[in-house]
Amino acid sequence: MLKVQLGDEVYSSWFKSLEFESFDGRIVKVSVPVKFVRNWIQEHYSEHLLRCSRVEFPTAERVEVVWRQPGVVQQKAAEVRAEAANSATAATAPAMHADAPRPASALRAPILPVQRTSAGGLEGSPLDPRYTFDSFVVGASNRMAHAGATQVAETVLTGAPGYNPLYIHSAVGLGKSHLLHAIAWEVKKRAPNAQVLYLTAERFRYQFVEALRSSDPLAFKERFRNINMLLIDDLEFLQGERTEQEFDHIINALLDGGKQVVVASARAPNQIERLNERMRSRLQRGLVTELQSLDHELRLKVLEKRLAEKRAADPSFSLSRDVIDLLALRLTENGRELEGAVTRLYATWQYMRTPITLDIAETVIRDLVQNLEPRRIKIEDILRIISRHYGVSKGDLLSQRRHRSVVWPRQIGMYLAKHLTARSLPEIGRRFGGRDHTTVLHAIRKIEGEISKNPNLGDELEELKRLLNH
């Protein structure tokens, strides 16, 4: 209701992080994670909140916005699970009339507590309880990666590991982190005492820097000695010369000791410039597998799976085949978009309590649906088109090669990335082989200067833009 009344921009800026806390018959309490957001909502949107709240709570007199301190949601997990258990017990009571307003507690799925792996005195990054093999939807585009992940999880402690290392790479939202979490959960289920550590590259760097500050880098390395399995996510974000060297030493020591290593990244090993040749070779020694884009059949399976998960919590929720087909046809980027679409429609249904029609679906997910807006161009698209148009491999575009046959297409790509995407210069540089933003700026100015001298270049750029928008 707030989104409809105030518009997408206002809603996304101020209400996206707002969560329901409680209602005592008079006061509706909601929370946000930032004090400034709390103050702004109280000053500018209190009346809007109260009007919307009274639809759910007719006796509400006011809405109180409070600051949600970090960790509070996790602390409430036990209470939520108890509440869910009580709801299950109460299911034997007479059913509520379908048209009657439902209490807010009945509209919220139980919050699963975030957990972390730990080993050798190191605390891992958070593991999402939803990311298991059971919830991963398998199709033609991800079958090899799924098979490799399950084999690793099943054999890591048998003395005959499957693939070591296992390296999974893909674009955002296609399931590589899901598989890493699933491996960790499965190993811990099979062997609760197994020494499993899941770390993002950023957390690895943070912990190493802390060890340097405490003059304890040797002890940091020693903590990995008895680990059975190390899972590293977002390898492309591993930065810092000393951090990279320490990472190399640890990975080599684990592999030499027969310990399992699993790595996920947005790029294949040969496309990460910062890796030295020895590390690149070792990461390619096991199984390197890519998660491809979801085809139409797999998108349908993902939507049906996410719908089934919502129905498990609330059997009265449903989506028509026409709506599911619309989502599968329009949302082609990744699995997160599909899951987000189902979540939005579920939230809309909770408040409207009417069937989700095609018109409602298109309105609710308008900002996600590509066919209703100009196509969003990604740097990955630019690299693909530039590679095909100029006959240069993507690996050369991302490499340090300085031959004109490579430099010119690379500069064209950076120019297009600046004008056709919302990426910053540092981000463009990172995606073009880890280059500095000044290199990107030089490329842009170079192409802009050439356009004024060479009319044919303008036509060539327009043709590339047409191919990208096709």
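In this model, a polar atom of the Thr155 side chain sits 2.7 Å from the backbone oxygen of Gln151. That pair is a polar contact, meaning N or O atoms within 3.5 Å; within protein, one must be able to donate a hydrogen and the other to accept it, and residues adjacent in sequence count only if both atoms are side-chain atoms. The model is predicted, so local features need pLDDT of at least 70 and side-chain atom pairs count only at pLDDT 80 or more, while totals for chains, interfaces and linings use all residues. Residues are numbered from 1 along each chain as its sequence is written, and side-chain values use heavy atoms, with hydrogens and water left out.

Let us stay with Thr155 for a moment. It belongs to helix α7 (residues 143-155); helices (H or I, at least four residues) and strands (E, at least two) are DSSP runs, numbered from the N terminus. Beyond residues up to four places away in sequence, Thr155 touches Ala160, Pro161 and Gly162, where contact means heavy atoms within 4.5 Å.

How buried or exposed are Thr155 and a few other residues? The table gives their relative accessible areas, with buried meaning under 20%, exposed over 50% and partly exposed in between (1.4 Å probe, protein chains only).

| Residue | Location | Relative accessible area | Class |
|---|---|---|---|
| Thr155 | helix α7 (residues 143-155) | 17% | buried |
| Glu427 | helix α20 (residues 425-431) | 17% | buried |
| Leu199 | strand β7 (residues 196-200) | 0% | buried |
| Asp234 | loop between β8 (229-233) and α11 | 23% | partly exposed |

Glu427 also has a polar partner: its side chain meets the side chain of Arg430 at 3.0 Å.

Leu199 has a long list of partners. Leaving aside neighbours within four places in sequence, Leu199 is in contact with Glu123, Gly124, Ser125, Phe204, Gln207, Phe224, Leu230, Leu231, Ile232 and Asp233. One of these, Leu231, is 32 residues from Leu199 in sequence, yet the two C-alpha atoms are 6.2 Å apart in space.

Now for the helices. Two packed helices are described by the angle between their axes and the distance between the axes. Helix α9 (residues 201-213) and helix α11 (residues 241-256) have axes that come within 10 Å and cross at roughly 105°. Those axes are lines fitted to C-alpha atoms over the stretch in contact, with angles from 0 to 180 degrees between N-to-C directions. The crossing therefore makes α9 roughly perpendicular to α11, a label for angles of 65 to 115 degrees. On the α9 side, Phe204, Arg205, Phe208 and Leu212 make the contact, while α11 brings Arg242, Thr243, Glu246, Phe247 and Ile250. By class, this contact has five nonpolar, one polar and three charged residues.

Two backbone details are worth a look. Most residues other than glycine have a negative phi, and most peptide bonds are trans. Asp234, however, has a positive phi near 60°. The peptide bond from Asn164 to Pro165 is cis, with omega near 0°, and Pro165 is in the loop between α7 and β6 (166-169).

Finally, the whole chain. The protein chain holds 22 helices and ten strands, and 44% of its 470 residues count as buried. Of the contacts between residues at least 6 apart in sequence, 71% join residues at least 24 apart. About 24,400 Å² of the chain is exposed, with carbon and sulfur atoms supplying 51% of that area.

Notes. Areas by Shrake-Rupley, 256 points an atom, 1.4 Å probe, with all protein chains shown as cover. Parallel < 35°, antiparallel > 145°, perpendicular 65-115°, else oblique. Nonpolar A, V, L, I, M, F, W, Y, C, P; charged D, E, K, R; others polar.
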